Amino acid sequence: MSTPGTAERPLCVAVIGAGPSGFYAVEAFLKTAGLNVRVDLFDRLPTPYGLARGGVAPDHQKIKAVTAVYDRVASDPRVRFFGNVKLGKDITVDDLRARYDQIVYAFGCESDRKMGIPGEDLKGSYSATDFVGWYNAHPDYRDLPFDLNCEAAAVVGIGNVAIDVVRILAQDPEVLAKTDIAAHAVEALRKSKIKRVYLLGRRGPVQAAFSPKEIEELGEIERADLIVKPEELVLDEVSKAGLSNSEAKKNYDYLTEASHKGAGAKAHKIFSRFCVSPVELIGKDGKVSAVKLELNNLTPDGKGSVKCAGSGKFETLEGVGLVFRSVGYRGIPVPGVPFDEKAGRVANDNGRITATAGGPVVPSEYVVGWAKRGPSGLIGTNRACSVATVATMVADLKEGKLAQRSVDVSMESTPRLLASKGAKVVTFAQWKSIDKLEVENGKKAGKIREKFTRVSEMLAALGAPAVGPKA
Ligand code: NAP
């Protein structure tokens, strides 16, 4: 049998997860000179694009324009899309091993970190990722019962996800209504009683993880004042040195300017707070009603930054009925794929999957994106990450390091398996039909797109979905 990667015997690769990192992995294979390759791209949803569809905020349409690149990748005849196919249910790791020379996992981080404080499990306490999925019409979050019938909400953490959540809560729903936000979210936001939104950072403004553009957008919301306490902008020596970072400096300058404006006269208020940690969510009738904060002191962490420690001084934010923890995503273990519990991601060594964290390499299996390196970086960061893993894969191929096993790489092998399991596969052409319908429905509603919010609705809109791979 000839070596995979030749004209007689193309290299057959499975990419699991059709988000940015998955598409960039496919793209990197297509661009590898002299390599004859076929790539099957799987996603558990009928819709591709991962967080570019289900994570990027609806009022950030420019960021979503990146999907045009993914469409070009998917239209390459060497690529097939198998949407609505879930790893572990419709196809297993062993099924993949029997059909592909190499497997790349690109399924991101589907869970989140907890704060670990009393009251965290009360009604009204959520992960920010739940809220993001809900307003972005992700089918998994469609039915979450967010109750916006309270005076105030608090978002814990000061990364870009936290800012997105604050902005959606504080923004005029009529501005959002024109985007591709879920219809159920606009409806709920129109009835929202929330007038105050707290953005809570445990460290100082120089350590904020948000981008300057994101904090500036909070200051630009027409109906809301951005309120910053000048005393929370006073810097320790280490933080002063941190201003040499241009992003930190821009954030700091913007916050300083905002702090001079005072409370303002607008009906809605965003309080950007620093050096505070929620230590308890206080409940009434089983539901969050207030947040107890401890004020923090910052001390050098010995690594060039600062760490926080409670000062023993406390403050309570009354009237807070909703709390969103936005303290980072976390991977979840997938059956058959080694997981590094401590790091919260797939166990790997520079993209090569390892049997355990720090253990031996599992040949022919790889990982890209957040599942590889954890939940950090912008969409574009994933391109370099996927390019690096694909280079490793091609090197392993050339050096004869693939797993020694027989694989059935016939074109029909995977479609036949999925048909036998009764999987309702959605092809890329069928996704494009869903896409067209969403845009048409959006036009009727005066918005960019009206997303389907349930998989069953998507499948119904397609009529009887094919169980084959070809578009
Ligand atoms: P992130 O950038 O890692 O921010 C997490 C925040 O949570 C940090 O402020 C962190 O503070 C804080 N935190 C962690 N543990 C905490 C705790 N126990 N108590 C209080 N605060 C805690 O994560 P993210 O916001 O989820 O974003 C993930 C990635 O997606 C980032 O790379 C982000 O830039 C990207 N993203 C980009 C955009 C955009 O470009 N528009 C939008 C959304 C997301 P410490 O620093 O003190 O740990």
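An oxygen atom of the ligand lies 2.7 Å from a polar backbone atom of Gly-377. This contact is taken from a predicted model, and it offers a starting point for a walk through the structure. Two further approaches involve side chains. An N or O atom in the side chain of Arg-203 is 2.8 Å from an oxygen atom of the ligand, and in the side chain of Glu-214 an N or O atom is 2.3 Å from a nitrogen atom of the ligand. Of the 910 Å² that the ligand exposes when taken alone, the protein buries 78%.

The surroundings of the ligand can be described residue by residue or by class. In total, 22 residues surround the ligand, and the closest are Asn-160, Arg-202, Arg-203, Glu-214 and Gly-377. Sorted by class, this shell has 10 nonpolar, 8 polar and 4 charged residues. Helix H7 gives the most to the shell, with 3 residues.

From the ligand the view may widen to the whole protein. Its secondary structure comes to 17 helices and 20 strands. The radius of gyration is 24 Å, close to the 23 Å that the globule rule gives for 471 residues, so the protein is as compact as a globular protein of that length. Along the principal axes, the C-alpha atoms fill a box of roughly 75 × 55 × 40 Å. Buried residues make up 55% of the 471 residues.

Helix H6 illustrates such burial. In this helix 8 of the 8 residues are buried, so H6 is largely enclosed by the rest of the structure. The buried residues of H6 are Ala-128, Thr-129, Asp-130, Phe-131, Val-132, Gly-133, Trp-134 and Tyr-135. Just after H6, Ala-137 takes a positive phi of about 65°.

Charged side chains provide another way to follow the chain. Side chains of opposite charge can pair when their charged atoms come close. The structure holds 42 salt bridges, and three of these pairs are described here in turn.

The pair of Arg-454 and Asp-143 forms a salt bridge in which the closest N and O atoms are 3.0 Å apart. This bridge links distant parts of the chain, 311 residues apart: Arg-454 sits in the loop between helix H16 (428-444) and helix H17 (455-461), while Asp-143 sits in the loop between helix H6 (128-135) and strand S7 (152-156). Arg-454 is partly exposed, with a relative accessible area of 30%. Asp-143 counts as exposed because its relative accessibility is 54%, and the cut-off for exposed is over 50%.

A second salt bridge joins Arg-167 and Asp-164, with 3.1 Å between the closest N and O atoms. Both residues lie in helix H7 (residues 160-170), 3 residues apart, which is about one turn of the helix. An α-helix has 3.6 residues a turn, so residues three or four places apart point the same way. Both ends of this bridge are covered: Arg-167 counts as buried at 1% relative accessibility, and Asp-164 counts as buried at 10%.

In the third pair, the side chains of Asp-396 and Arg-352 meet in a salt bridge at 2.7 Å, N to O. Here too distant parts of the chain are linked, since Asp-396 belongs to helix H14 (residues 381-398) and Arg-352 to strand S19 (residues 352-354), 44 residues apart. Asp-396 is buried, with a relative accessible area of 4%, whereas Arg-352 counts as partly exposed at 25%. Elsewhere, salt bridges that share partners join Arg-53, Asp-71, Lys-432, Asp-435, Glu-438 and Arg-449 into one network.

The backbone itself has details that deserve attention. Cys-275 has a positive phi of about 55° although it is not a glycine. Cys-275 is found in the loop between strand S10 (268-273) and strand S11 (276-284), and it is buried, with a relative accessible area of 16%. Asn-350, likewise not a glycine, has a positive phi of about 50°. The loop that holds Asn-350 runs between strand S18 (348-349) and S19. Asn-350 is exposed, with a relative accessible area of 60%, whereas Cys-275 is buried.

Note on methods
Residues are numbered from 1 along each chain as its sequence is written. This is a predicted model: local features need pLDDT of at least 70, side-chain atom pairs count only at pLDDT 80 or more; totals for chains, interfaces and linings use all residues. Side-chain values use heavy atoms; hydrogens and water are left out. A salt bridge is a side-chain nitrogen of Lys or Arg within 4 Å of a carboxyl oxygen of Asp or Glu. Helices (H or I, at least four residues) and strands (E, at least two) are DSSP runs, numbered from the N terminus. Buried means under 20% relative accessible area, exposed over 50%, partly exposed in between (1.4 Å probe, protein chains only). A residue is near a molecule or strand if one of its heavy atoms lies within 4 Å of it. A polar contact is a pair of N or O atoms within 3.5 Å; within protein, one must be able to donate a hydrogen and the other to accept it, and residues adjacent in sequence count only if both atoms are side-chain atoms. Accessible areas come from the Shrake-Rupley method with a 1.4 Å probe; for residues, only the protein chains shown count as cover. Ala, Val, Leu, Ile, Met, Phe, Trp, Tyr, Cys and Pro count as nonpolar, Asp, Glu, Lys and Arg as charged, and the others, Gly among them, as polar. The radius of gyration is taken over C-alpha atoms; the globule rule is 2.2 Å times the number of residues to the power 0.38.
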